[in-house]
Amino acid sequence: HTSMTSVAAAGARALWHRFPRRLASTSASPPVVSEVRDSVARVTLANPKQRNSLSLETLRLLESTLNKHADDSAVRAVLLRSDGPVFSSGHHLREMDQGEALRRDVMSQCSRLMLRLHSLPLPVIAQVSGLATAAGCQLVVSCDLAVAASSARFATPGVKIGLFCSTPAVALARSVNGKMAMRMLLTGEPITAQEALASGLVSHVAEDADLEATTETLVAMVTRHSRPVVAMGKQTFYQQVKLPRDEAYRLCESTMLANLRLPDAQEGIAAFLEKRQPNWSHSDKEVVEKQK
């Protein structure tokens, strides 16, 4: 018994040391940076010294950055990536040791960010290299699509230090099959990129050397479509999956009728019938038909 306890304690200490030990950086370099290029907002977790931990500062900056790009009509998608060998180590554990008020702020802000990823009127694509753990894994799962390097790993290791990954479990349970979700949550051990693909945690896996090229190809495929059509479809998708089947059909019937009133739907149908490429207006103003 003493031997097993010692091994467990050593494992917990080893895991703890993998997480950032200092509070979020207050240096001039922000933990999140972004740029818009080719109609894509490229958002980067840029604090590799802190293993791209999701401190309160980082969570707030991520949300405000997403909101800024959502308001930019020239942006068609968001690409979320990271600097360094760790995609994100999850919550900044030193913040979890700074009192109840800060813990509440962190948890509330994290939930707001994850919900915002779903409500954002833009596709969000994660490009994952390295390790994504705890809330960092939750961040990946909460994106609409995720491309992982073949060497990437995913884990919800909180149970090893007595902090069960309950909030990451919300995202996991809605994307990953139940047995895999519980395997990750109960063992705390990482899964491979191929296991993540098979269970639905990510949508694509690429060889490490091909990660960027594979992601850019996917981004190009997503951004070639009409922005308001994609926004309407994404919003409805996440609404209907929560509904009983009959209610989901009623919602989607209504959505498709509204979609047909968009200029780009009418342009797309005309282009198909005329055997030409559509010329999207990206207008969200519905066309009012004359009574026949």
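Is Ala 171 buried or exposed, judged by its relative accessibility? The first legend takes up this residue; every view shows a predicted model.

**Figure 1. Surroundings of Ala 171 in helix H5****.**
Ala 171 belongs to helix H5, which covers residues 166–173. Its relative accessibility is 13%, and Ala 171 is therefore buried, the limit for that class being under 20%. Leaving aside residues up to four places away in sequence, Ala 171 is in contact with Gln 138, Val 141 and Ser 142. One of these partners, Gln 138, lies 33 residues from Ala 171 along the chain, yet the C-alpha atoms of the two are 6.0 Å apart.

**Figure 2. Contacts of Gln 109 in helix H3****.**
Helix H3 spans residues 100–119 and contains Gln 109. With a relative accessibility of 3%, Gln 109 counts as buried. When residues up to four places away in sequence are not counted, Gln 109 touches Leu 56, Leu 59, Arg 60 and Glu 63.

**Figure 3. Asn 52 and Ala 134, two loop residues with positive phi****.**
Asn 52 is placed in the loop that connects strand E2 (40–45) with helix H2 (56–70). The phi angle of Asn 52 is near 50°, a positive value in a residue that is not glycine. Asn 52 has 2% relative accessibility and so counts as buried. Ala 134, also not a glycine, has a positive phi of about 50°. The loop that holds Ala 134 runs between strand E6 (131–133) and helix H4 (135–142). At 10% relative accessibility, Ala 134 is likewise classed as buried.

**Figure 4. The aromatic pair of Phe 237 and Tyr 238****.**
One aromatic pair is found when the whole structure is searched. The pair is formed by Phe 237 and Tyr 238, whose ring centres are 5.2 Å apart and whose planes meet at 80°. This geometry is classed as edge-to-face because the angle between the planes is over 60 degrees. The two residues fall into separate accessibility classes: Phe 237 is partly exposed at 46% relative accessibility, whereas Tyr 238 is buried, with a relative accessible area of 18%. The value for Tyr 238 is under the 20% limit, and Tyr 238 therefore belongs to the buried class.

**Figure 5. The nonpolar cores****.**
The largest nonpolar core comprises 52 residues. Within this core, the residues with the most contacts are Val 128, Leu 139, Val 140, Phe 154 and Leu 201. A second core, separate from the largest, consists of ten residues, among them Leu 79, Val 147, Ala 149 and Val 219.

**Figure 6. The largest cavity and its lining****.**
A search of the whole structure yields one cavity of 30 Å³ or more. The space in the largest cavity amounts to about 30 Å³. Its lining is made up of Arg 76, Pro 123, Val 222, Thr 223, His 225, Ser 226, Arg 227 and Val 230. By residue class, the lining contains three nonpolar, three polar and two charged residues. At least two lining residues come from helix H8 (211–223), and at least two come from helix H9 (227–240).

Notes. Residues are numbered from 1 along each chain as its sequence is written. This is a predicted model: local features need pLDDT of at least 70, side-chain atom pairs count only at pLDDT 80 or more; totals for chains, interfaces and linings use all residues. Side-chain values use heavy atoms; hydrogens and water are left out. On a 1 Å grid over the protein atoms alone, a cavity is a set of points where a 1.4 Å probe fits but cannot get out, and a pocket is an open set with protein on both sides within 12 Å along at least five of seven lines; lining residues have an atom within 4 Å of a point. Grid points are joined across faces, edges and corners, and a volume is the space filled by probe spheres set on the points. Helices (H or I, at least four residues) and strands (E, at least two) are DSSP runs, numbered from the N terminus. Ala, Val, Leu, Ile, Met, Phe, Trp, Tyr, Cys and Pro count as nonpolar, Asp, Glu, Lys and Arg as charged, and the others, Gly among them, as polar. Buried means under 20% relative accessible area, exposed over 50%, partly exposed in between (1.4 Å probe, protein chains only). A nonpolar core is a set of buried Ala, Val, Leu, Ile, Met, Phe, Trp, Tyr and Cys residues joined through side-chain atoms within 4.5 Å. Rings of Phe, Tyr and Trp (its six-membered ring) pair if their centres lie within 6.5 Å; planes under 30 degrees apart count as stacked, over 60 as edge-to-face and the rest as tilted. Contact means heavy atoms within 4.5 Å.
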